[in-house]
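Subject: Structure for your reading

Dear colleague,

Please find below the structure that I am handing over to you. I would be grateful if you would look through it before reading my notes.

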Amino acid sequence: MNLDLLLSKIGISQNFVQDFTLLLVIVGITVAFAFLVGRHRLVQMLISTYIALALLFAFPEKYLNNYSYELVFFFIALIILTIFSKKIFGIYISSSEFMWRIFVVSFLEVILLLSIVFTITPKKIALGYISPNAYDYLVSSEFHFLWLFIPLLFVYLIRKRLN
């Protein structure tokens with residue numbers, strides 16, 4: 001039986017199913033990200049993400065003529081910067097009693113990374129993985145700017161309250 005036909009008979013659109021699945025994946029990645037990266041590296045990785053993105057845009061285009069090269073370059077730069085960022089950035093989210101902060105920063109970083117990945121990936125390929133609505137929320141210029149700005153604002157606000 002065709003799943004799309006069954007869902008349409010029930011009244012559930014395919015876009016809703018894709019959006020809901022994406023939300024579940026994001027929540028799962030957020031939890032894994034929070035536990036794997038940890039509070040000591042979370043802010044360091046956020047700053048490394050911005051630096052890796054800046055390096056990607058500054059790198060000569062003739063060497064990165066394919067989106068897959070851009071993604072590989074971005075993630076290699078992110079990993080290298082995150083590994084060496086402990087010596088550069090001594091910032092972390094303090095106090096284990098504020099576990100919600102770790103999950104919020106993790107969530108914002110996951111959304112930021114997804115926004116960057118789907119901005120680099122051609123639209124036709126990206127729409128094979130996410131719905132058009134989710135694509136617009138991640139890639140449109142207004143939302144892409146918000147996904148770049150909100151993590152910094154959140155980290156600034158929680159650091160200000162702690163001090």
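The notes below set out what was found, beginning with the chain as a whole and ending with single residues.

Overall picture

Please keep in mind that this is a predicted model. The mean pLDDT of the chain is 81, and 82% of its residues reach 70 or more. Confidence is lowest in helix α1 (residues 3-10), where the mean is 60. It is highest in helix α6 (residues 123-126), at 90.

The chain contains eight helices and zero strands. Followed along the sequence, the pattern is therefore written with helices alone, as α-α-α-α-α-α-α-α. Of the 163 residues, 36% count as buried. The chain exposes about 10100 Å², and carbon and sulfur atoms supply 69% of that area. Among contacts between residues at least 6 apart in sequence, 78% join residues at least 24 apart.

Two helices, α3 and α5

Helix α3 (residues 39-58) has 20 residues, which should span 28 Å at 1.5 Å a residue. Its end C-alpha atoms are 30 Å apart, so the model agrees with the expected value. Which residues of α3 are buried? They are Leu42, Val43, Gln44, Met45, Leu46, Ser48, Thr49, Tyr50, Ala52, Leu53 and Leu56.

Helix α5 (residues 99-120) has 22 residues and reaches 32 Å from its first C-alpha to its last, close to the 32 Å expected. This helix is mostly covered, with 16 of its 22 residues buried.

Two residues of α5

Glu109 has its place in helix α5. Is Glu109 buried or exposed? Its relative accessible area is 1%, and the cut-off for buried is under 20%, so Glu109 is buried. Leaving aside neighbours within four places in sequence, Glu109 is in contact with Phe33, Leu42, Val43, Met45 and Leu46. Of these partners, Leu42, Val43, Met45 and Leu46 are also named among the buried residues of α3. Glu109 and Ala34 are 75 residues apart in sequence, and their C-alpha atoms are 9.8 Å apart in space.

Leu114 is also in helix α5. With a relative accessible area of 17%, which is under the 20% cut-off, Leu114 counts as buried as well. Not counting residues up to four places away in sequence, Leu114 touches Ile26 and Leu138. The C-alpha atoms of Leu114 and Leu138 are separated by 7.3 Å, although the two residues are 24 apart along the chain.

Helix α2 and the surface

Asp19 lies in helix α2. Its relative accessible area is 25%, and because this value falls between 20% and 50%, Asp19 is partly exposed. Which residues does Asp19 contact, leaving aside its neighbours within four places in sequence? The partners are Ser131, Asn133 and Ala134. Asp19 and Asn133 are 114 residues apart along the chain, yet their C-alpha atoms are separated by 7.7 Å.

There is also a nonpolar surface patch of about 770 Å². The residues that make this patch are Phe16, Phe20, Leu23, Leu24, Val27, Val31, Phe35 and Met99. Where does the largest share of the nonpolar patch come from? Seven residues come from helix α2 (residues 14-37), and Phe16 is one of the patch residues found in that helix.

When you view helix α2, one general point may help. An α-helix has 3.6 residues a turn, so residues three or four places apart point the same way.

Yours sincerely,
A colleague

Conventions. Residues numbered from 1 in each chain as written. Predicted model: local features only at pLDDT ≥ 70, side-chain atom pairs only at ≥ 80, totals over all residues. Heavy atoms only, no water. Helix = DSSP H or I, 4+ residues; strand = E, 2+ residues; numbered from the N terminus. Expected span 1.5 Å × (residues − 1). Buried < 20%, exposed > 50% of the residue type's maximum accessible area, 1.4 Å probe, protein only. Patch = residues over 30% accessible without salt bridge, like charges linked within 9 Å, V, L, I, M, F, W, Y side chains within 5 Å. Areas by Shrake-Rupley, 256 points an atom, 1.4 Å probe, with all protein chains shown as cover. Salt bridge = Lys/Arg side-chain N within 4 Å of Asp/Glu carboxyl O. pLDDT = per-residue confidence, 0-100. Contact = heavy atoms within 4.5 Å.
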